[in-house]
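Visitor: I'd like to go through the labels on this one and hear what stands behind each. Can you show it to me?

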Amino acid sequence: MFSKSLDRCYNIAKLRERAQKRMPAAMFHYIDGAAGDEWTMRQNTSAFDRWELVPHFLVDVSEIDMRTKVFGQEISMPFFCSPTAMSRLFHHHGETGVARAAHRAGTLYSLSSISTESIEEAAAATEGPKVFQVYVFKDRGLNREFIQRCKDSGYAALALTVDVPIAGNRERDLVTGMTIPPKLTAATLFNFAMHPRWVWNYFTHKPIELANVRDRISGDVTTLVSFFNDQLDRTVSWDDAEWMIKEWGGPFAIKGIMCADDARRAAEVGATAVVISNHGGRQLDTSPAPIEILPEVVDAVGGKLEIILEGGVRRGVHVMKALALGATVCAAGRPYLFGLGAGGEAGVDRALEILKTDIERDMRLLGCRNVSEIDASRVREIPR
Ligand SMILES: Cc1cc2nc3c(=O)[nH]c(=O)nc-3n(C[C@H](O)[C@H](O)[C@H](O)COP(=O)(O)O)c2cc1C
């Protein structure tokens, strides 16, 4: 049972509206915004319209099995939570709240390198399977440390994000004056004053910090741009990915793959999965939508690697199209972050319930009793 207002959020767009009302502008636009003109972010969802779904009828769909497997873990639906930075900025329930909600929904949670709760805190919050997302810091000792800490804490997989050699051009953050931690200035004071509940929670809970690296970084980390540009290592190469895959020795994804060549390379260096992703349009604006790249990646590495489609997934029909085109599973960040901003942990529960209910309904309407039946026969490209 959800509160009446969360109940009334019957889709992700409605959760987004509610999140906007409940969060200060800097926090909302940090989630909602993207790079440059935000063309890629819009395209991520609208490119799904290139395909239509083809239902098959007179199939007994009284029982639906939505379970699937990724990273060696069985999950309750073909969708999981992507890694996102600094969740406690949006609601004090933070990363551990999202991890608990993901576990309740029977799916995976991915923790960002730059989370506000640590690898160990997320592990202790729930027994649900977790992925740790790795950024390679200039302090290379941190990489070894991350791997060891994830092994000690029982993480199921690692995902190396490769699409942040530098920070993307996120202009909304410049407009709102987004800093880490948030600063009350003359310009932002009025907006913060309009959100007293958020301000109260912010000041009455533990301070915002980059929990995984709290004692290890120095220099300017007050904005995302300065953080990415000062702390992350731009020399990272395929050799480093290969080293990390060997050192980890378990399920490993390269996150941010946007072409067949890089997907092949990921297979060659020993990855077990690729995440087709443009970071939700937050890095290189005008890069293509993941769903457009999916067919060529499936041709290149389908059957060899797990293929995770991530970017713009907001409805069950998006998941249907991605699976029909050959993806193993889908993931997203903004839908559950809107839930978090809209209502904390209960809002994340609601976001995941919306997606799960949608996926189940669409499988029935499509005539698919299990995930493997969502195949190429169920999708057709609209002639251009
Ligand atoms: C607020 C926010 C923070 C993010 N932080 C990270 C991060 O720390 N590491 C990472 O690999 N991806 C990060 N991402 C990208 C997501 O993992 C994912 O690629 C993106 O959300 C997909 O787009 P969608 O959520 O619009 O579908 C972030 C995305 C958002 C919206």
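Guide: Let's start with burial: buried means under 20% relative accessible area, exposed means over 50%, and partly exposed is in between, with a 1.4 Å probe and protein chains only. This is a predicted model, where local features need pLDDT of at least 70, side-chain atom pairs count only at pLDDT 80 or more, and totals for chains, interfaces and linings use all residues. Residues are numbered from 1 along each chain as its sequence is written, and side-chain values use heavy atoms, with hydrogens and water left out.

Visitor: Why does His279 count as buried?

Guide: His279 comes out at 13% relative accessibility, and the cut-off is under 20%, so His279 is buried. It's in the loop between β9 (273-276) and α14 (290-301); helices (H or I, at least four residues) and strands (E, at least two) are DSSP runs, numbered from the N terminus. His279 also has a positive phi of about 65 degrees, although it is not a glycine.

Visitor: What makes Leu189 partly exposed?

Guide: Its relative accessibility is 48%, and partly exposed is what falls between the buried and exposed limits, so that label fits Leu189. Leu189 sits in helix α9 (residues 186-193).

Visitor: And how do you know that Phe71 is buried?

Guide: The relative accessible area of Phe71 is 3%, so Phe71 meets the buried limit. You'll find Phe71 in the loop between β2 (68-70) and β3 (73-75), with a positive phi of about 55 degrees even though it is not a glycine.

Visitor: Why is the pair of Phe71 and Phe80 called edge-to-face?

Guide: Rings of Phe, Tyr and Trp (its six-membered ring) pair if their centres lie within 6.5 Å; planes under 30 degrees apart count as stacked, over 60 as edge-to-face and the rest as tilted. The structure holds 9 aromatic pairs. For Phe71 and Phe80 the centres are 6.2 Å apart and the planes are at 65 degrees, so this pair is edge-to-face.

Visitor: What makes Phe132 and Tyr155 an edge-to-face pair?

Guide: Their ring centres are 6.3 Å apart and their planes are at 85 degrees, so edge-to-face is the label here too. Phe132 lies in strand β6 (residues 130-134) and Tyr155 in the loop between α7 (141-152) and β7 (157-161), so the pair ties together parts that are 23 residues apart in sequence. Both Phe132 and Tyr155 are buried, and they form one aromatic cluster with Phe137 and Phe146.
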